[in-house]
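Biologist: Please take me through one part of this model at close range. Start from a single residue and work outward to what surrounds it.

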Amino acid sequence: MIPAMKLAHVAVGTIVVVWLGMTSAGVAQTATPWNLVEHTVATDLRGAYDVVVTDMNRDGRPDLLAVAGGTQSLIWFENPLSAAADSAKAEAWTRHVVATGIQGLINAAAFDIDKDGVPEIAVASGFATEPAKSSGVLTLYTHGADLNAPWTAKEVDRTPAAHRLRWIDAEGNGKGLLINAPLAGLKATAPEYKDQNSVYFYDPSDWKRQTVTDAEQGVMHGLYVTDWDGKKRESLLTASFMGVFLHRYANGKWTRTQLSAGSPEAWPNGGAGDVVAARTKTGRVLAAIEPFHGNTSPYPDIAVAVYTGQGEKWSGRTVIDATLNYGHTLVAADLDGDGADELIAGYRGKPNGVNIYRLNADKSWTKSVLESNAMPGSGCRAADFNNDKRIDLTCTGGAMLKWYENLPAK
């Protein structure tokens with residue numbers, strides 16, 4: 001076990017204003033209704049790519065599972081915060097190692113299959129951006145009696161360019177199915193990535209590879225799990241060169257419905273790279289990073305686009321920010337506790353950072369800058385880390401992992 005790091009924290013939240021379809025570089029006249037305070041968890045992760053929020057040790061606190069390919073290790077950080085009063089411990093996250101020697105680590109997803117209070121962890125490794133050179137190993141890691149001892153690894157499958165993993169309760173019975181979405185088809189090469197691509201799923205009862213869809217083409221980059229129909233059965237949203245699709249599971253079969261074509265540019269600059277569903281005070285919206293990050297050189301403008309509609313019709317598209325470089329992560333979370341979600345978008349280019357977008361009563365959007373060239377925004381998640389009933393953020397990129405304490409506005 002490596003001792004936890006002790007690093008200083010700073011307040012963040014520089015403001016610029018963004019109106020629907022137009023960006024202003026001016027400073028907002030009012031402050032954001034939150035005060036995000038930055039805490040650094042790690043600075044040595046090498047190739048920090050994503051972060052998973054899950055309770056790793058049965059103590060009821062959300063811990064952080066770091067996905068950092070350069071470390072060749074699966075590392076989790078133990079949450080020291082039992083209440084908001086523990087803010088003095090904000091940097092004292094204890095490091096634990098699940099496994100080492102993982103080549104090409106690219107994604108992870110956690111779910112408690114056996115209901116013992118500790119999740120099993122599915123990991124995608126052997127990744128390469130050229131699918132023909134990627135082994136695409138899917139491995140399940142299971143703990144023993146000692147959570148600090150190396151976990152047991154079981155290879156489940158191999159699908160070239162395995163890239164995104166998510167667990168989904170598609171039947172509404174608490175039983176997880178694992179989604180495995182390769183980046184692109186076996187014969188795909190940059191920048192066109194022209195080849196058929198598939199999305200797979202696995203039932204942990206037999207780990208047999210089954211197909212969600214084999215109708216994809218090009219790059220598949222974004223997965224989002226949501227109770228789309230409000231019936232306690234989760235559905236899957238995918239974002240790819242072909243756009244945004246909704247996948248529902250019923251009676252052992254998946255149905256696929258296109259919700260948006262994404263960016264209207266010609267292939268390979270069209271479609272979408274990430275997608276979320278967000279709550280507003282007047283209903284649900286879809287938000288997407290469009291198109292896929294940096295599929296041509298020089299990179300096209302990466303847009304954060306918001307769609308309005310209902311059911312399966314989402315025709316209203318508004319670009320709220322076209323300044324992201326190498327957009328890579330998108331999260332929806334209610335940071336100010338008003339019942340409506342903000343959008344959090346991370347980008348990894350030059351410049352890089354993390355932005356937050358808030359919908360105003362007049363339908364304009366206000367943008368606040370959480371990170372600006374201090375850490376690439378590779379992966380972000382939202383959770384209440386200190387049990388104060390306010391949603392906090394965590395983001396990772398470069399070699400860093402941080403969490404942002406959501407305090408009342410000053």
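Modeller: Start at Gly 271, and keep in mind that this is a predicted model. Gly 271 has a relative accessible area of 1%. Buried means under 20%, so Gly 271 counts as buried. Gly 271 sits in the loop between S20 and S21. Its C-alpha atom is 5.1 Å from that of Met 242. Along the chain, Gly 271 and Met 242 are 29 residues apart.

Stay in this loop. Pro 268 also belongs to the stretch between strand S20 (253-260) and S21. The peptide bond that leads from Trp 267 into Pro 268 is cis. Its omega is near 5°. Most peptide bonds are trans. A second cis bond runs from Ala 190 to Pro 191, with omega near 0°. Pro 191 is in another loop, the one that links strand S14 (177-182) to strand S15 (196-202).

Now follow the loop into S21. Strand S21 (274-280) gives two or more residues to the lining of the largest pocket. That pocket has a volume of about 910 Å³. Its lining takes in 37 residues. Five of them lie nearest the centre: Arg 166, Tyr 224, Val 225, Cys 380 and Arg 381. Other strands that give two or more residues include S5 (48-54), S9 (107-111), S13 (162-168) and S17 (220-226). S25 (327-333) and S29 (379-383) are also among them. S25 gives the largest share, with six residues. By residue type, the lining splits into 22 nonpolar, six polar and nine charged.

S13 deserves a closer look. Arg 164 is in this strand. What does Arg 164, a buried residue, have as its nearest side chain of opposite charge? That side chain belongs to Asp 274, 5.2 Å away. A salt bridge needs a side-chain nitrogen within 4 Å of a carboxyl oxygen, so Arg 164 has no salt bridge. The Arg 164 side chain does make other approaches. One is a polar contact of 3.4 Å with the side chain of His 163. Another involves His 221, whose backbone oxygen lies 3.1 Å from a polar atom of the Arg 164 side chain.

Next, the loops that lead into two of the lining strands. Arg 46 is in the loop between strand S4 (35-42) and S5. Its phi is near 55°, a positive value. Tyr 326 is in the loop between strand S24 (313-324) and S25. Tyr 326 has a positive phi too, about 65°. Neither residue is a glycine. Most residues other than glycine have a negative phi. As for exposure, Arg 46 has a relative accessible area of 48%. Exposed means over 50% and buried under 20%, so Arg 46 counts as partly exposed.

End with a residue that contrasts with the starting point. Ser 372 lies in strand S28 (residues 365-372). Is Ser 372 buried or exposed? Its relative accessible area is 52%. The cut-off for exposed is over 50%, so Ser 372 is exposed. The C-alpha atoms of Ser 372 and Tyr 347 are 9.8 Å apart. These two residues are separated by 25 residues along the chain. So much for the exposed end of the tour; Gly 271, where it began, is buried.

Terms used: Residues are numbered from 1 along each chain as its sequence is written. This is a predicted model: local features need pLDDT of at least 70, side-chain atom pairs count only at pLDDT 80 or more; totals for chains, interfaces and linings use all residues. Side-chain values use heavy atoms; hydrogens and water are left out. On a 1 Å grid over the protein atoms alone, a cavity is a set of points where a 1.4 Å probe fits but cannot get out, and a pocket is an open set with protein on both sides within 12 Å along at least five of seven lines; lining residues have an atom within 4 Å of a point. Grid points are joined across faces, edges and corners, and a volume is the space filled by probe spheres set on the points. Helices (H or I, at least four residues) and strands (E, at least two) are DSSP runs, numbered from the N terminus. Ala, Val, Leu, Ile, Met, Phe, Trp, Tyr, Cys and Pro count as nonpolar, Asp, Glu, Lys and Arg as charged, and the others, Gly among them, as polar. Buried means under 20% relative accessible area, exposed over 50%, partly exposed in between (1.4 Å probe, protein chains only). Lys and Arg count as positive and Asp and Glu as negative; His and the chain ends are not counted. A polar contact is a pair of N or O atoms within 3.5 Å; within protein, one must be able to donate a hydrogen and the other to accept it, and residues adjacent in sequence count only if both atoms are side-chain atoms.
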